[in-house]
Amino acid sequence: MSLNKTDFGPDFQWGVSTAAYQIEGAYKKRGKGLSIWDVFTQNSANIKDGSNGNKSCNHYKHYKKDIDLLKKLNIPNYRFSISWPRILPSGFGEVNQRGIDFYSRLIDRCLDKGITPWITLYHWDLPNELELKGGWTNRDILNWFAEYTEVAAKNFGDRVKNWLVLNEPATFIGAGYFLGYHAPGKKGINNFLPAMHHANLCQGIGGRILKETVPFCKAGTALSTTQIDSHSASIKDVQAKNRFDVIFNRLFIEPLLGLGYPVKDFDALKKVSQCMLQNDEKHLPFDFDFIGLQNYTREVVKYNPLIPYAKGRIVEAKDRNVECTGMGWEIYPEAIYNMLHKLNAYGKIKEFVVTENGASFPDIKVEKKINDPQRIEFLKAHMEQVLRAKNEGINVTGYFIWTLLDNFEWAEGYTQRFGLVYTNFKNRKRYIKESGYWFAGFLAEKSE
Ligand code: FCB
């Protein structure tokens, strides 16, 4: 099947996504406070290659060139995140004007070039000052987050109309406050449950403030989705699959849609009631304009009584003999189609935008060329599945590739290259990969 931009219709929104900590660098420049990732990466044992995002792509310095790259690649929408401690170094209170000015310049540069900016408020870099007070486990986060949202909305809302409140709460809460392999490195159910509940409440808080503060804005939140299959048809495997489905897919959408927490399918969640105040149930739902759906792969789950709470484990793709990306994630394009259907089946989501999809491969630069046919195949196959869902009537209105530039991939450091553009981390030079040229060609196609 040949894929054409026109198949998606003239209003479909194409873009790329990035995140502040992964690309900006300049971690202490011009009044910025430290984030939990600045602190977490100080212990090199936390990151696969012992690296950190102190410099990363130095997008802070090179943002103009990076916006020019977007222009060169015909990319009309750019989703980036704001570093909370760059604009509020202590998390609340005093505003760092130089941080505000940076994002203002970035937004203006986008607009000058005819590129529509999309802001993610929270892509994982909590001000460390707040973490010292308990971070997401402290209920005060509701006020801190409200203040941060207001500062961002008031300063950028005149020019930015597309907003996302959180990026993948299931990931930053699960990996940061239960398993401990992401910042701030906290573990256990007693950290997980309050952090999870507060993040759920913050989705609604952020959404409400955006709608009140930014006239005509479109507000959403970005949720990770992963198709979960059971290893066998045995009841135990199927129940384990259901528990993983709760953790990966249901925990942050169902409260938002007014369905409460899916305690029936996951006993361990019952204790969340201990973190809830009387009116919380009422404040969890929020009617977002759209949901940002993010998908990279599917997982297969097998019952295992030794694993606490989930009582199951993921059967890794490498042990299943399937084709994988550099992350060891199975290449399974139908997952994005199935997840669009799964969330659409709630019957309550008005609009979907695929706010992340992409793949890392061990790209090699030969002379100035980076030939990455696997990425092109990956993207095409996933775009076809998005189109299939759209043609079946699901209101999916956009597709954003993760990501523009190779960058700091969290616990994987610089070992994973997800970009349409190759970054040389020694001198920060950028080189457009073949996939970048391919996407530019695809986007250049004129609608009839
Ligand atoms: C997503 C994150 C993004 C990036 C990609 C590969 O889960 O939102 O920052 O790390 O995975």
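**A tour from Glu-299 to the ligand**

Select Glu-299 to start: this residue is buried, with a relative accessible area of 14% (buried means under 20%, exposed over 50%, partly exposed in between, with a 1.4 Å probe and protein chains only). This is a predicted model, where local features need pLDDT of at least 70, side-chain atom pairs count only at pLDDT 80 or more, and totals for chains, interfaces and linings use all residues. Residues are numbered from 1 along each chain as its sequence is written, and side-chain values use heavy atoms, leaving out hydrogens and water.

Now colour residues 290-303. This is strand 6, and Glu-299 lies in it (strands are DSSP runs of E, at least two residues, numbered from the N terminus).

Next, show the contacts of Glu-299 (heavy atoms within 4.5 Å). Setting aside neighbours within four places in sequence, they are Thr-226, Gln-227, Ile-228, Asp-229, Ile-314 and Arg-320.

Measure out to Ser-2. Its C-alpha is 28 Å from that of Glu-299, and the two are 297 residues apart in sequence.

Move to the ligand. Select the residues around it (a heavy atom within 4 Å): Gln-22, His-123, Trp-124, Asn-167, Glu-168, Gln-294, Tyr-296, Glu-356, Trp-402, Glu-409, Trp-410 and Phe-418. Colour them by class: five are nonpolar, four polar and three charged.

Zoom in on the polar contacts (N or O pairs within 3.5 Å). A side-chain N or O atom of Asn-167 is 2.9 Å from a ligand oxygen. For Trp-410, the distance from a side-chain N or O atom to a ligand oxygen is 2.9 Å. For Glu-356, a polar side-chain atom lies 3.0 Å from a ligand oxygen. Finally, show the surface: the protein covers 95% of the 290 Å² of accessible area that the ligand has on its own (Shrake-Rupley method, 1.4 Å probe).

Key:
Helix = DSSP H or I, 4+ residues; strand = E, 2+ residues; numbered from the N terminus. Polar contact = N/O pair within 3.5 Å; in protein donor to acceptor, adjacent residues only side chain to side chain. Nonpolar A, V, L, I, M, F, W, Y, C, P; charged D, E, K, R; others polar.
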